[in-house]
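Please open the model in your viewer and keep the sequence panel beside it, because this tour moves from the whole chain to single residues and asks you to select each stop in turn.

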Amino acid sequence: MTLPPCRRPLLMALLALFLLGGCADVKEAGRTIGHTTKRVTREIGHTTRDVTREIGHSTRDAVKQVGDELRD
């Protein structure tokens with residue numbers, strides 16, 4: 001199928017719009033994935049920090065209690 005020369009620019013313009021629309025969708029999907037990854041990573045980091053703090057405090061308290069019992 002051969003297009004008349006007057007139709008080619010129109011076809012090229014439509015093709016360009018279609019490709020740009022696809023690129024915008026890919027860009028938006030990438031942005032969404034990036035933001036989601038950032039939020040999840042932050043939550044994991046905060047949870048790790050909080051758990052580590054609790055373990056440290058529990059260990060400190062246990063060592064202190066053992067030390068107090070040994071002195072008595």
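Helices, in the sense used on this tour, are DSSP runs of H or I with at least four residues, numbered from the N terminus. With that in mind, select His46, which is found in helix α1. The model is a predicted one, and every value given along the way is computed from it.

**The whole chain**

Now show the full chain, whose secondary structure comes to one helix and zero strands. Helix α1 covers residues 8-71, and colouring that range is a convenient way to keep your bearings. What box do the C-alpha atoms of the chain fill along the principal axes? The box is roughly 100 × 15 × 5 Å. The radius of gyration of the chain is 31 Å, whereas a compact globule of 72 residues would have one near 11 Å.

Switch next to a surface view, where the chain exposes about 6,600 Å², with carbon and sulfur atoms supplying 66% of that area. Of the 72 residues, 1% count as buried. If you colour by charge, you will find 12 positive and 9 negative charges, and the mean positions of these two sets are 19 Å apart.

**From Arg8 to the nonpolar patch**

Select Arg8, which is found in helix α1. Arg8 is partly exposed, because its relative accessible area of 43% lies between the 20% and 50% limits of that class. Then add Gly30 to the selection and draw a distance between the two C-alpha atoms: Arg8 and Gly30 are 22 residues apart along the chain, and the separation is 33 Å.

Move on to Met12, Leu15, Phe18 and Leu19, which form a nonpolar patch on the surface and together have about 450 Å² of accessible area. Within this group, pick Phe18, a residue of helix α1. Is Phe18 buried or exposed? Phe18 is exposed, since its relative accessible area is 61% and the class begins over 50%.

**The salt bridges**

How many salt bridges does a search of the whole structure find? The search finds five, and the next stops visit them in groups.

Begin with Arg31 and Glu28, which form a salt bridge whose closest N and O atoms are 3.4 Å apart. Both residues lie in helix α1, three residues apart, which is about one turn of the helix. Arg31 counts as partly exposed at 40% relative accessibility, and Glu28 is also partly exposed, with a relative accessible area of 42%.

Go on to Arg60 and Asp61, whose side chains meet in a salt bridge at 3.2 Å from N to O. Arg60 counts as partly exposed at 48% relative accessibility, while Asp61, with a relative accessible area of 41%, is partly exposed too.

Then select Arg71 and Asp68, where a further salt bridge has its closest N and O atoms 3.4 Å apart. This pair also lies in helix α1, with the two residues three apart, about one turn of the helix. Arg71 is exposed, with a relative accessible area of 67%, whereas Asp68 counts as partly exposed at 34% relative accessibility. Select Arg49, Asp50 and Arg53 as well, since salt bridges that share partners join these residues into one network.

**Distances along the helix**

Keep Asp68 selected and add Gly45, which lies 23 residues away along the chain; the C-alpha atoms of Asp68 and Gly45 are separated by 34 Å.

Return finally to His46, where the tour began. His46 is partly exposed, because its relative accessible area of 34% falls between the 20% and 50% limits. How far apart in space are His46 and Gly67, C-alpha to C-alpha? These two residues are 32 Å apart in space and 21 residues apart in sequence.

How values were computed. Residues numbered from 1 in each chain as written. Predicted model: local features only at pLDDT ≥ 70, side-chain atom pairs only at ≥ 80, totals over all residues. Heavy atoms only, no water. Rg over C-alpha atoms; globule rule 2.2 N^0.38 Å. Buried < 20%, exposed > 50% of the residue type's maximum accessible area, 1.4 Å probe, protein only. Areas by Shrake-Rupley, 256 points an atom, 1.4 Å probe, with all protein chains shown as cover. Lys, Arg positive; Asp, Glu negative; His and termini not counted. Charge placed at Lys NZ, Arg CZ, Asp CG, Glu CD. Patch = residues over 30% accessible without salt bridge, like charges linked within 9 Å, V, L, I, M, F, W, Y side chains within 5 Å. Salt bridge = Lys/Arg side-chain N within 4 Å of Asp/Glu carboxyl O.
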